[in-house]
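User: Hi! Could you walk me through this structure step by step?

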Number of protein chains: 2
Amino acid sequence: MLQNGNYEALYSRIPCYIEFLENCSEEFISSAALAIALNYGEVQVRKDLAKVSNGGKPKIGYRVSSLLVDLKHYMRYELPVTAVIVGMGRLGEALNHYHGFEKLNLKIVAAFDINDQYLNLKDFKNICERENVSLGIITVPKESAQEIADLMVESNIKGIWNFSSTALNVPSDCMVKNENMANSLAILLKLIKDRAE
Amino acid sequence: MLQNGNYEALYSRIPCYIEFLENCSEEFISSAALAIALNYGEVQVRKDLAKVSNGGKPKIGYRVSSLLVDLKHYMRYELPVTAVIVGMGRLGEALNHYHGFEKLNLKIVAAFDINDQYLNLKDFKNICERENVSLGIITVPKESAQEIADLMVESNIKGIWNFSSTALNVPSDCMVKNENMANSLAILLKLIKDRAE
C-alpha cells in the first residue's frame, strides 16, 4: 500500500496532463480547457497546475511547452531509475518489452526467473547492488511473492511494483504499489452492467 | 474516460474489500478494522459498507461471509460477461492467460490479430454478435487503436478496456477505461524519488 495517500491522487493526474499536452498542437492552454479535455474538475486542475508551475497567465493560460517541462520536472522524470523484474511469465515478458517506460527514464537491467534462460535468484543481491537498483517488479505467483519481496528489501530496493495479487509485508522505507488487473477491470464491468439495466 | 466519475472511486475500493475479506479468517469484521487493514479512512469505509450492505451490527461489525456476498452482489459479479481481445502481442497474450478474471465471471471468447495464428478481423462483427460480446480489450499499438475502437462500437460492444496509450473517440453509450502502465508506474517512481532526497 502506498503510504503517501495525500499525494497519490495528484501524482496520478500529472502523467495524464503530460500525455495530453504532448499530443496538443496549441501554443497555450488554460486550466479550463485541460479540465474539459480530461474530464476533471476545473478547480482541481487549476490547483494542480498552480502547485507545479508558476507560468500561468490570466486569460492566456500556460505555454504548453513550458508547462510540460514543469510537469515532468515535478515528477522528476529527469532522474534515471534502474529496475529488475522477477517472474518471467507472460506478464513479466510483456513488462520487460513494454515501450513507454523509457519516457520515465526507467531502465530494466535484469530479469530473474526459476527458468534457466533468465538470471538466477542466487545472484539477485549482487546484481542489484552493483547496478544500484531502486525498483523491483514482482510478477511471480502469489505463493512466492513475499519471499521475493524479502529478497528485494535485503537488496536495498526502495520501491516494489507488485503484480502478484497478494499483500506484501515490507518495512516502511520500502514503498509498494499493488497492481491488480482484475480489480481494475472490475470497475469497468460494474459500469457496463449498471448501464445495461 | 469513464463517465461515471462519482462512483468510480467507490467501485475501485470494493474489489479491494473483497480481496481482503476472502483471505480473512475472522467471523466478524468492523469498518474500523477493515480501514486499518487497507489503509483507508474509517469514515470512508463505514460509508462504503453502509451503501452496500445492511448487515452491520453495532459493536460487532459485519459477518465476513455475508458482507462478501453483499459486496460481490453490489459489483454484480454474478452476471457473466463475454469479452474479446484485439492485438495478440505480449500484453494481449498475458491478459488472455491471466488467472483472476474468472472470479469476475469474465470469459474471453476470441483473440484477434493481424498475425494468422489468431482470428481475422473480417470475422470480428459476426463473432461479437453471435457470442453477445459486451467488452472489448484493445492491446494494439496506438496507431491502430481508433480503428479497432470503431469496429467494436459497430459490433455493439458496450465497454472498452484500452491499453493502447491513446485517447479513443467513442459514442457516449460505450464506456472506455484507459489502462496506462507507464502512468501507473510514474506515481511509484515519484514517491521513490521524493523519499531518496
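User: In what order do the five strands of the open sheet in chain B lie, and which are the edge strands?
Analyst: Happy to help, and keep in mind that this is a predicted model. The open sheet in chain B has five strands with parallel pairing, in the order 4-3-5-6-7. An edge strand pairs on one side only, and here that picks out strand 4 (106-112) and strand 7 (175-178) of chain B.

User: Which residue in strand 5 of chain B is the bridge partner of B:Ile85?
Analyst: Let's look at how strand 3 (residues 81-86) and strand 5 (residues 135-138) of chain B meet: they pair in the parallel sense over four bridges. In strand 5 of chain B, the bridge partner of B:Ile85 is B:Ile137.

User: Which strands does helix 6 of chain B touch, and what angle does its direction make with that of strand 4 of chain B?
Analyst: Helix 6 (residues 124-131) of chain B packs on the sheet, where it touches strand 3 and strand 4 of chain B. Its direction and that of strand 4 of chain B make an angle of about 165°.

User: Is helix 2 of chain B parallel, perpendicular or oblique to helix 3 of chain B?
Analyst: Helix 2 (residues 31-38) and helix 3 (residues 42-52) of chain B have axes 8 Å apart and pack at about 120°. Roughly perpendicular covers 65 to 115 degrees and roughly antiparallel means over 145. The angle of about 120° therefore makes helix 2 of chain B, relative to helix 3 of chain B, oblique.

User: How do the residues of that contact divide into nonpolar, polar and charged?
Analyst: From helix 2 of chain B come B:Ser31, B:Ala32, B:Leu34 and B:Ala35, which meet B:Glu42, B:Val45, B:Arg46 and B:Leu49 of helix 3 of chain B. They divide into five nonpolar, one polar and two charged.

Definitions and conventions: Residues numbered from 1 in each chain as written. Chains lettered and ligands numbered in written order. Predicted model: local features only at pLDDT ≥ 70, side-chain atom pairs only at ≥ 80, totals over all residues. Pairing = 2+ DSSP bridges. Helix = DSSP H or I, 4+ residues; strand = E, 2+ residues; numbered from the N terminus. Contact = placed C-beta atoms within 7 Å. Axes fitted to C-alpha atoms, helices over the stretch in contact; angles between N-to-C directions. Parallel < 35°, antiparallel > 145°, perpendicular 65-115°, else oblique. Nonpolar A, V, L, I, M, F, W, Y, C, P; charged D, E, K, R; others polar.
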